[in-house]
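This briefing sets out selected features of one protein model, grouped by topic. Please read it alongside the sequence and the coordinates shown here.

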Amino acid sequence: QVQLVESGGGLVQAGGSLRLSCAASGIIVKINTMGWYRQAPGKQRELVATITSSGSTNYSDSVKGRFTISRDNTKNTMYLQMNTLKPEDTAVYYCNANIFGGFRTMNYWGQGTQVTVSS
């Protein structure tokens, strides 16, 4: 069984920074695309950023230039460096990964980590 565990969320003032981590564990042969999503209260879950196994990245317009997604394939871990945070970045952040475990490829989600940005 594969698990994704996020960490690094918390409370920060506007203009501050946070770094989220997402560690994958279990029976893993290959991790394909990984991504960060977020869901604010009363809103739908939205894409924040994705990164392929070769390192190609994609960002939503709302975070472009402020957030940086990266991954360490040797540690099966993905990161999200969030700078110049705004109150509208407040949400539960979820990591997602497309993982081949030896028999089939499946999409996995973490449990989420809360990010709160105060004004």
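Strands β5 and β6 form a hairpin with 5 residues between them, and G55 in its turn has a positive phi of about 100°. The model is predicted. The points below begin with the strands around this hairpin, then turn to an open sheet, several individual residues and a pocket.

**Strands β4, β5 and β6**

- The two strands of the β5–β6 hairpin pair in the antiparallel sense over 3 bridges, with β6 covering residues 57–59.
- Across this pairing, A49 stands opposite Y59 in β6.
- Strand β5 (residues 46–51) is also joined to strand β4 (residues 30–39), by 5 bridges, and these two strands run antiparallel.
- Here A49 in β5 is the bridge partner of W36; A49 thus appears in both pairings, facing W36 and Y59.
- The hairpin of β4 and β5 has 6 residues between the strands, and G42 there takes a positive phi near 75°.

**The open sheet**

- Four strands make up an open sheet in the order β1-β3-β8-β7, with antiparallel pairing.
- Its edge strands are β1 (3–7) and β7 (67–72), each of which pairs on one side only.
- From one strand to the next, the twist averages 15°.
- Within the sheet, β3 (residues 18–25) pairs with β8 (residues 77–82) in the antiparallel sense over 6 bridges.
- Two residue pairs illustrate this register: A23 has T77 of β8 as its bridge partner, and L18 has M82 of β8.
- On the other side of the register, β7 and β8 run antiparallel and are joined by 6 bridges, with T68 opposite Q81 in β8.
- Strand β8 is mostly covered, as 5 of its 6 residues are buried.
- In a regular strand, side chains alternate between the two faces of the sheet.

**F67 in strand β7**

- F67 lies in strand β7.
- Is F67 buried or exposed? Its relative accessibility is 3%, so F67 counts as buried, the cut-off for that class being under 20%.
- Beyond its neighbours within four places in sequence, F67 is in contact with R38, V48, Y59, L80, Q81, M82, N83, L85, D89 and Y93.
- Among these contacts, V48 is 19 residues away from F67 in sequence, while the two C-alpha atoms are 8.8 Å apart in space.

**Positive phi outside glycine**

- N76 is a residue other than glycine with a positive phi, near 50°.
- The place of N76 is in the loop between β7 and β8, a hairpin with 4 residues between the strands.
- With a relative accessible area of 25%, N76 is partly exposed.
- T84 is not a glycine either, yet has a positive phi of about 45°.
- T84 is placed in the loop between β8 and β9 (91–100).
- The relative accessibility of T84 is 46%, and T84 therefore counts as partly exposed.

**G8 in the loop between β1 and β2**

- G8 lies in the loop that connects β1 with β2 (10–13).
- The relative accessible area of G8 is 34%, which makes this residue partly exposed.
- Not counting residues up to four places away in sequence, G8 touches L18, R19, L20 and T113.
- G8 and S21 are separated by 13 residues in sequence and by 6.2 Å in space, C-alpha to C-alpha.

**The largest pocket**

- Rolling a probe the size of a water molecule over the atoms shows where empty space is left.
- The largest pocket has a volume of about 190 Å³.
- Which residues line the largest pocket? The lining consists of Q1, V2, I27, I99, F100, G101, G102, F103, R104, M106 and Y108.
- The elements that contribute two or more residues to this lining are β9 and β10 (105–109).
- By class, the lining comprises 7 nonpolar, 3 polar and 1 charged residues.

Note on methods: Residues numbered from 1 in each chain as written. Predicted model: local features only at pLDDT ≥ 70, side-chain atom pairs only at ≥ 80, totals over all residues. Heavy atoms only, no water. Pairing = 2+ DSSP bridges. Axes fitted to C-alpha atoms, helices over the stretch in contact; angles between N-to-C directions. Buried < 20%, exposed > 50% of the residue type's maximum accessible area, 1.4 Å probe, protein only. Contact = heavy atoms within 4.5 Å. 1 Å grid on protein atoms, 1.4 Å probe; cavity = no way out; pocket = protein on both sides within 12 Å on 5 of 7 lines; lining within 4 Å. Points joined across faces, edges and corners; volume = space filled by probe spheres on them. Nonpolar A, V, L, I, M, F, W, Y, C, P; charged D, E, K, R; others polar.
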